[in-house]
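Visitor: Hi, I've got a structure open and would like to talk it through. Could you take a look with me?

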Amino acid sequence: MLVSMSINGQAYSHDVEPRLLLVHYIRENAELHGTHWGCDTSNCGICVVLMDGEPIKSCTTLAAMADGHEITTVEGLPAADGTLDPIQQGFHEMHALQCGFCTPGMMVTGRWLIDKHPNPTQMTEHEIREAISGGLCRCTGYNNIIKAIRWAAAYEANAAGRR
Amino acid sequence: MAMQTPAPCDYSRATSVDDAIGQLQALGGNARILAGGHSLIPMMKLRLSNPGHLIDINPLEPELNYIRQQGNEIHIGAMTRHRNILESDLLARTFPHIFAEAEAVLADPVVRNRGTIGGSLCQSDPAEDLSGVVVALKGIAVVRGPDGERTIDMDEFHVGPYMTAVQSTEMLTEVRFPIQAGHGSAHEKVERRAGDFAIVAASAALSIQGGTIRSAGVACSAVGPTTMHIKRAEEMLIGKAPSEQLFAQAGEMAKADVEPSNDGRGPADYKRHVAGVLTTRALSRAAATALR
């Protein structure tokens, strides 16, 4: 069947099997390897991408179900000139990754949390932990991921203040 | 390709509920309705479900995602996502606080963005949280088929593990809940880690008027072949004044009436004990809310 979607603002269209999972469509058809493929049971959150701005687990979504929708992957986070998104810079600054396997899902989820929060610099630790609870990280103990999300929120608030 | 990929199947989208039912009829029992997919797709990966055809009802979300009051009932559309239920002010006001408590511990926020109430009920997983809530609140399932609409009591809805009374040419469209004065409710869950299925969960709802329990709903999850409806405790509670002693007695009944099995989540006698404790706790908190 023909499946068409926008990924990071670019149009993709492929003839695929209906059983094809979105994560495989992104990695193999669109050839965007930033989205990782982990537990395959919707537990680990490594495959999280945004569909129409909301985080979803792409291993538990058929590519066909994303037909006509807008997908954002980790490759869609940086600015056009390659400047890292503040959430990416935050992971860099706060050493929020070691092996990097969970990182794309965590960064996309963190981006969504900051975007939807009415007052990102005032996010409670509980709110951040709850938001990323759909993802598993075996390296960081989560503390540095929480710091990275906070770093990004503070950076963006400062940048907005300077403008 | 990878091991965990569903078996080949066909796929189509529904344009309306009637269209979905028409497709189900035409495909003669070989098709399954696909909503959020967060139960069905994992089941297909494991080959526990092998539909030849999926009918995607996500295009029907505008028609089937709603939470509204109609007379003395709350109606929830089958495509209402877990997140919508968690965040609903109407549900928080009408049924404090069972929906929010159960949804907050059901999977994780990303899964709750996609999973639906209809999918939860039709999956009929005995360990699933929302089914216990629906049983405790005496929810009624509305099912539509080629011959029109019928309603199914929750006692008849869940036939067994992963089996419901919904026929192969029917689909669940709505769940209805009677509104009761003096309502208080609670959901208690013990799990191995955040977002996991329950080791045991208990859902309790009470209507207390003039210091007397007028109606009661008690259900336990993950301790039997389906969500366990603890009717004996409900009957015992009605007409009595709420007290800790009474709720401890109801907990003893739940402990006696559940049918847990030994598995990776724990031994049966442990689960039986926890079912009793959680039932008592849920009832105590439900009563405190009702009497506020």
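Guide: Here is a short chat about the domains, strands, helices and contacts.

Guide: First, this is a predicted model, where local features need pLDDT of at least 70, side-chain atom pairs count only at pLDDT 80 or more, and totals for chains, interfaces and linings use all residues. Residues are numbered from 1 along each chain as its sequence is written, while chains are lettered from A and ligands numbered from 1 in the order in which they are written.

Visitor: OK, how is chain A divided?

Guide: Into domain 1 (2–76) and domain 2 (86–162); such bounds come from an automatic or database domain assignment. The C-alpha centres of those two domains of chain A are 22 Å apart.

Visitor: And how many residues does each domain of chain A put into the contact?

Guide: Domain 1 of chain A gives 14 residues and domain 2 of chain A gives eleven. Contact here means that the C-beta atoms of two residues, placed from the backbone, lie within 7 Å. On the domain 1 side, strand β3 (residues 48–51) of chain A has the largest share, with three residues. Helices (H or I, at least four residues) and strands (E, at least two) are DSSP runs, numbered from the N terminus.

Visitor: What classes of residue are on that domain 1 side?

Guide: Eight nonpolar, six polar and no charged. Ala, Val, Leu, Ile, Met, Phe, Trp, Tyr, Cys and Pro count as nonpolar, Asp, Glu, Lys and Arg as charged, and the others, Gly among them, as polar.

Visitor: Back to β3(A). Which strands is β3(A) joined to?

Guide: β3(A) runs antiparallel to strand β4 (residues 54–57) of chain A, with four bridges, and also antiparallel to strand β5 (residues 70–72) of chain A, with two bridges. Strands pair if DSSP finds at least two bridges between them. A:L50 stands opposite A:P55 in β4(A) and opposite A:T72 in β5(A). The hairpin of β3(A) and β4(A) has two residues between the strands, and A:D52 takes a positive phi near 50° there.

Visitor: Switching to where the chains meet: how many residues come from chain A and from chain B?

Guide: There are 24 from chain A and 24 from chain B. On the chain A side, β4(A) supplies the largest share, four residues. By class, that side has ten nonpolar, eight polar and six charged residues.

Visitor: Now chain B. Is B:E170 buried or exposed, and why?

Guide: B:E170 is buried because 22 other C-beta atoms lie within 10 Å. The cut-offs, with C-beta atoms placed from the backbone, are 20 or more other C-beta atoms within 10 Å of a residue's own for buried, 12 or fewer for exposed, and partly exposed in between. B:E170 sits in the loop between β9 (163–164) and β10 (171–178) of chain B. Leaving out residues up to four places away in sequence, B:E170 touches B:V143, B:R144 and B:G145.

Visitor: Last one: at what angle do α12 and α13 of chain B pack?

Guide: Helix α12 (residues 244–257) and helix α13 (residues 268–290) of chain B pack at about 145°, with their axes 7 Å apart. Axes are lines fitted to C-alpha atoms, for helices over the stretch in contact, and angles run from 0 to 180 degrees between N-to-C directions. Their contact has seven nonpolar, six polar and four charged residues.
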